[in-house]
Amino acid sequence: MFKNFLGNSPKWFKLTMISFLIFNIFSFFVLGKTVTSWLFIAEFIFTLAMALKCYPLQSGGLLAIEVIALGLTSPENAYHEVDQNLEVILLLVFMVAGIYFMKPLLMFIFSKVFTKIKSKVVLSLLFVFLSAVLSAFLDALTVTAVLISVAVGFYGVYHKIHSSEADYDSSGVKDREELSGETLEQFRSFLRSLIMHGVVGTALGGVCTLVGEPQNLLIGERLGWDFIEFFIQMAPITIPVLIAGLLTTIILELTGSFGFGEKLPPVVAGIIENYTIEEDRNRTDKQKYALIVQGVAAVLLIMGLALHIAPVGFIGLALIIFQTAFMGIIDEHQLGHAFEEALPFTGLLVVFFVIVAMIHDQHLFSPIINWALKQDPAAQPGLFYLANGFLSAISDNVFVATVYIGEVQEAFKSGAIDREHFEKLAIAINTGTNLPSVATPNGQAAFLFLLTSALAPLINLSYGKMVKMALPYTIVLGVLGYIMVKIVLV
């Protein structure tokens, strides 16, 4: 039984998980509900940190089952959290599958970008800026799904070349020999840095607009702000932070610190360039037609998301139907592969909502909220920013924003604060939940999605490595955001 428990994960990890499950029962009866709930949060974060050793759905899921068994939350309340976030779940199920059918088009476009832009600094800036712009108008998870598809595609190109006997650079040496050992590690590091720049870009853009992140929409609705007003209210803080984020990207690439700076090895660049030329030359009429269909689908996708004609998940489902119908993909087993990437993460997200329901039921964040509301009104925006940033990094920014904006709205309705102060606190909550939360994969769904994706083990991207690579961005975004909050919201 012990051998099969959690499969091939390390023995010490299995023993640790068993210890957690046993100790939590004693903690519940001896230390009480509050202490035990905080222990569950720490243990769940630990399972996320061990994602490359054991997918967190199993280890974290056992903790979630125990949370419900001990009565720290109920299945009804956990379902309520899922129900409130149904749009995010539909997005994952259908949009990620929709992007799967666009992979050939994405590879076609990005292979041209990779081979034409020789400067790693320019390429990194392009990834951050495009991710920021797209996230501001579309959705961070959708943008992250595109980034993952591109990186997996490029790793697939590497794998395809490495497993063949071809010589795409005419050097007389088999490409599989030139693309092994140290070259592979350089290539992994190159992809890792680009992807991390990209997901940070989703946070930089996501904080700016009403539709950038789920909590933005929630905050905008409570304040009665439309798209333009939301952007104007946030701009004094978000625009300087965006500029600082882009400057941080340049500095990280030039200094090569925190795991950034690795360039695409020239041998890899040459081989991939020649490989793509060969692919272009051998592309069949059917494949060219498929690229056209995917191009039309991409235009429809951007229009649908920008105009918000339907929930994002529905647009993703429409994308699947459109592409498969016109490309002739009608067999069930062909469709099944598209859903493989997102469904494990969707399951993990539901497990995560059980933990969120526990936080809500045990009122773990209430003391911090109550304390902040009792402080000097002039100091409150800064305190709310810091509290939201810290709590978002250890739990979930959407949940933290929901709890805080609800409490602040109640204070406004009761007459404890005026409208102007209500707006200041709303801006602090929005920036606090979006900017410092890049510190850990827990804080932003896009980061967690990347950590648990099929790409992470391919490029050796662990929880610890993500935290390390995000650290300079966390410091710059978090500190500058705080300074701007203190200056602007006085």
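1. In this predicted model, Arg-281 forms a salt bridge with Glu-278, and the closest N and O atoms of the pair are 3.0 Å apart. Both residues belong to helix H13, where they are three residues apart, or about one turn of the helix. An α-helix has 3.6 residues a turn, so residues three or four places apart point the same way. The partners are not equally open to the surroundings, since Arg-281 counts as exposed at 58% relative accessibility, whereas Glu-278 counts as partly exposed at 29%.

2. The salt bridge of Arg-281 and Glu-278 is one of six that the structure holds. Another joins the side chains of Arg-283 and Asp-280, with 2.8 Å from N to O, and here Asp-280 counts as partly exposed, at 25% relative accessibility. A further salt bridge, of 2.9 Å from N to O, is made by the side chains of Arg-188 and Glu-185; these two residues lie in helix H10 (residues 182-206), three residues apart, which is about one turn of the helix. In that pair Arg-188 counts as buried, because its relative accessibility of 15% falls below the 20% limit, while Glu-185 is partly exposed, with a relative accessible area of 39%.

3. A nonpolar patch lies on the surface, made up of Phe-2, Leu-15, Ile-18, Ile-22, Phe-23, Ile-25, Phe-26, Phe-29, Val-30, Leu-31 and Val-35, which together have about 1,100 Å² of accessible area. Helix H1 (residues 11-30) gives the most to this patch, contributing eight residues. One patch member in helix H1 is Phe-26, which is exposed, with a relative accessible area of 57%.

4. The UniProt record, an unreviewed entry, places the feature "transmembrane region" at eight stretches that can be compared with the model, among them residues 12-31 and residues 445-463. In the model, residues 12-31 are 95% helix and 0% strand, and the end C-alpha atoms of this span lie 26 Å apart. Residues 445-463 are 63% helix and 0% strand, with end C-alpha atoms 14 Å apart. The annotation may be inferred rather than shown by experiment.

5. Helix H2 (residues 33-49) has 17 residues, which at 1.5 Å a residue should span 24 Å, and its end C-alpha atoms are indeed 24 Å apart, in agreement with that expectation. Its buried residues are Thr-36, Ser-37, Phe-40, Ile-41, Glu-43, Phe-44, Ile-45, Thr-47 and Leu-48. The cover over these buried residues includes H1, helix H3 (56-69), helix H17 (343-361), helix H19 (380-394), helix H22 (445-451) and helix H24 (463-488).

6. Helix H19, which is part of that cover over H2, also agrees with its expected span, because its 15 residues should cover 21 Å at 1.5 Å a residue and its end C-alpha atoms are 21 Å apart. Of these 15 residues, 11 are buried, so H19 is largely enclosed by the rest of the structure. The buried residues are Gln-380, Pro-381, Gly-382, Phe-384, Tyr-385, Ala-387, Asn-388, Gly-389, Leu-391, Ser-392 and Ala-393, and they pack against helix H18 (366-373), helix H20 (397-413), helix H21 (419-434) and H24.

7. Helix H24 also holds Val-488, a residue that is partly exposed, with a relative accessible area of 33%. Leaving aside residues up to four places away in sequence, Val-488 touches Pro-236 and Ile-237. Val-488 and Ile-237 are 251 residues apart in sequence, yet their C-alpha atoms are 7.6 Å apart in space.

8. Two loop residues deserve a look at their backbone angles. Most residues other than glycine have a negative phi. Phe-258, although not a glycine, has a positive phi of about 55 degrees; Phe-258 sits in the loop between helix H12 (227-255) and helix H13 (266-282) and is partly exposed, with a relative accessible area of 33%. Asn-460, also not a glycine, has a positive phi of about 55 degrees; Asn-460 lies in the loop between helix H23 (455-458) and H24, and at 28% relative accessibility Asn-460 counts as partly exposed.

Note on methods
Residues numbered from 1 in each chain as written. Predicted model: local features only at pLDDT ≥ 70, side-chain atom pairs only at ≥ 80, totals over all residues. Heavy atoms only, no water. Patch = residues over 30% accessible without salt bridge, like charges linked within 9 Å, V, L, I, M, F, W, Y side chains within 5 Å. Areas by Shrake-Rupley, 256 points an atom, 1.4 Å probe, with all protein chains shown as cover. Salt bridge = Lys/Arg side-chain N within 4 Å of Asp/Glu carboxyl O. Helix = DSSP H or I, 4+ residues; strand = E, 2+ residues; numbered from the N terminus. Buried < 20%, exposed > 50% of the residue type's maximum accessible area, 1.4 Å probe, protein only. Expected span 1.5 Å × (residues − 1). Contact = heavy atoms within 4.5 Å.
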